[in-house]
Structures are given as structure tokens and as C-alpha cells.
Amino acid sequence: MTHALAAAPAARTGRDSIGLLRLYRAELRWIFRRPRTLAVLGLLALIPIVIGVALTLVDASEAEGGRDGALLASAMNNGFVLPVAALTMTLALLLPLASAMAGADAIAGETAHGTLRGWLIAPVGRGRLLAIKAFGVATVSLIAVLAMTFTGFATGLIVSGADSMFTLTGSTLSVWDALGRLLVVALWITLQLWAVGAVALAISSFTEHPMLVVASVLAGTIVFTILGFLDAVSWLHPFLLNKDWAQAPAAVLMDPLDLSMLGEGALRAACYIVIGLSIAYARLTTRDG
């Protein structure tokens, strides 16, 4: 009798896990059936290729203009720097756009199509529903970043060769060492994008207009960027999600590797994720459709 009572919670936990996995697969099918999701991911994957090809057609002096010019100039004939430069440039706007779209479609999009009400009246906990939506957004963010990382790395190998893996401090890396560092920065950027997606989910839970969510998130990103340039509000800078987006990814290009800035940014993103998902959960528990 005791063994039967002990086995019951374990069986129920196993069924819950299978149920969550089934819901997660259904969410991914819903996400990747949207043509705009596939279009955005495809365009993001093409960006490092375009940058790599373009850098073979210009000289170093032409590549050094603009805010990201120094990093682009370093990417010339350097297959290791190329994907980091592409990720850093798109982190300013295009990558957050992909996460904002995923977060907007997750709740506001389904509300507009009338499918969210079915989720809310089904025997699925609101917390479980939000977890599925959050992991769906995280999956889109991860795929977007990995697509750019691997197309950039492959382009660098093709254009510059396997012996072109140099850090900005002049040390030479093996292909596997370079790939390991790229995975570190890819996971860090994915966490930043998940934070953007969590904010999008919070806004999405209050509206049925996905474009309003996307516009709000992108406007917030732009406002944060402007605030980051204003010394008068320097006290606010440590709380801005995108504070180190322009500098932190380049940490993996240095030798020795210093992860302090990446760690600070990861902690900041985690706080945004907790706050965003908490707001979304509070809203979902009070709505009936």
C-alpha cells in the first residue's frame, strides 16, 4: 500500500512531463508554421553571409567608418570575428525584432485569432500555459542566434580559411576553441533576446494587437539606447537591458577571456525575464479570454 502511494506522485509527474512536452511541440508547430517567422529567421541567417562577401570587396579603410566600423575592419580575413561582428550589429534592432514578434504572436496573436480562449478554458494551468509560451519565445531566439552564428562561422571558414581564427589581442585559436567561444556569446545573446521576449509577453497579455506589442518593444529598445548616451541619467544605466549590448559580445574576442561583462549582462537579463513573466502571469490569471 505504501509503495502504491509513493508511486502515484511519480506517475502523475511523468504524465505531467509528457503533457508539457506535447504542448511544447504543439507550440513549436504553431510558431514555425507562420511564414513571417521563417522569413525573419532566413533573413537573419543571410546577414553574416552578406557581410562576409561585402568585406571581400572593400579595403580596411572603407570598412572602418561608423560605430561598428572597427569590429567590421577586424572581421576582414578573420573568420572568428565575422560572426561576432554580425551578431553585435543585429543585436541593436533586428534580433530583438525576432523575439518581439514571437512574444507578440504568442499571446496577442492568439487572442486576435480567438485561439487563446481555447487554451484558457482548457484544463491547462495558466502557469503551465505561460511556461510553454515563454519557452517557445526562447526557442525562436535561440534558433535565430544559432543560425547567424553558424552561417557566419561557415562564411568565415570559406572566405578566410581555417587558419584565420585570431583574437583581437593577436593569439591564434583552433577551430574548436573559436567555435566554443562563439557558443558562449550565442547563449549570452539568446538570454538577452529571451528577456526582450519576456517583456513582449508581458505587453502581449494586455492587448490583442501583435503589431502594438512589436512597436512598443522596439520603441523601448530605442529609448533605452538613447538613455544610454545621456550622462545626466547615468544612475539609470545599470538598469538598462541593452547597456552592454555593443561591447559585451566582443569579450570573447580577447585573450585572456574576461567574462565579467557577460556575467553582469546575463544577471540583468535574468531579472528582466523574471519581471516580464511575472507580469504576464499576473495578467493571465485574471483574464477569461
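Mentor: A cavity is a set of grid points where a 1.4 Å probe fits but cannot get out, and a residue lines it if it has an atom within 4 Å of a point. Keep in mind that this model is predicted.

Trainee: Which residues line the largest cavity?

Mentor: Its lining is made by Arg34, Arg36, Thr37, Val40, Leu41, Ala98, Met101, Ala102, Asp105 and Val140. Helix H2 (35-55) and helix H6 (94-113) each supply at least two of the lining residues. The volume of this cavity is about 70 Å³, and the structure holds one cavity of 30 Å³ or more.

Trainee: How do you know how many residues of that lining are charged?

Mentor: Asp, Glu, Lys and Arg count as charged. Among the lining residues are Arg34, Arg36 and Asp105, so these three belong to that class. The full division is six nonpolar, one polar and three charged residues. Thr37 is in the lining, and it counts as polar because Thr is in neither the nonpolar nor the charged group.

Trainee: What makes up the lining of the second largest pocket?

Mentor: That pocket has about 160 Å³ of space. Val196, Val199, Ile203, Ser216, Val217, Gly220, Thr221, Phe224, Leu241, Asn242, Trp245 and Tyr272 line it. H9 and H10 each give at least two residues, and H10 gives the most, with five.

Trainee: How many residues of this pocket lining are polar, and why does Gly220 have the class it has?

Mentor: The lining has eight nonpolar, four polar and no charged residues. Gly220 counts as polar because Gly is placed in that class by the definition.

Trainee: Why are H9 and H10 called parallel, perpendicular, antiparallel or oblique to each other?

Mentor: The axes of helix H9 (residues 175-204) and helix H10 (residues 210-228) come within 9 Å and cross at roughly 135°. Angles of 65 to 115 degrees count as roughly perpendicular and those over 145 as roughly antiparallel. The value of roughly 135° falls between those ranges, so H9 is oblique to H10. The crossing is right-handed.

Trainee: What makes the contact between these two helices?

Mentor: Val196, Ala200, Ile203 and Ser204 of H9 meet Val213, Ser216 and Val217 of H10. By class, these are five nonpolar, two polar and no charged residues.

Trainee: Which residues of H5 and H8 are in contact?

Mentor: First, the geometry: the axes of helix H5 (residues 81-91) and helix H8 (residues 126-160) come within 8 Å and cross at roughly 145°, and H5 passes H8 in a right-handed crossing. From H5, Leu82, Pro83, Ala86, Leu87 and Thr90 take part, and from H8 Val145, Met148, Thr149, Gly152, Phe153, Thr155 and Gly156. They divide into seven nonpolar, five polar and no charged residues.

Trainee: And at what angle do H8 and H9 pack?

Mentor: At about 145°, with their axes 8 Å apart. This crossing is right-handed, and the residues of the contact include 21 nonpolar, four polar and one charged.

Trainee: What makes the phi of Asn77 worth pointing out?

Mentor: Most residues other than glycine have a negative phi. Asn77 is not a glycine, yet its phi is positive, about 60°. You will find Asn77 in the loop between helix H4 (69-75) and H5.

Trainee: What kind of peptide bond joins Asp255 and Pro256?

Mentor: Most peptide bonds are trans. The one between Asp255 and Pro256 is cis, with an omega of about 10°. Pro256 lies in the loop between H10 and helix H11 (260-284).

Terms used:
Residues numbered from 1 in each chain as written. Predicted model: local features only at pLDDT ≥ 70, side-chain atom pairs only at ≥ 80, totals over all residues. Heavy atoms only, no water. Axes fitted to C-alpha atoms, helices over the stretch in contact; angles between N-to-C directions. Helix = DSSP H or I, 4+ residues; strand = E, 2+ residues; numbered from the N terminus. Parallel < 35°, antiparallel > 145°, perpendicular 65-115°, else oblique. Left-handed = near helix turned anticlockwise from the far one by under 90°. Contact = heavy atoms within 4.5 Å. 1 Å grid on protein atoms, 1.4 Å probe; cavity = no way out; pocket = protein on both sides within 12 Å on 5 of 7 lines; lining within 4 Å. Points joined across faces, edges and corners; volume = space filled by probe spheres on them.
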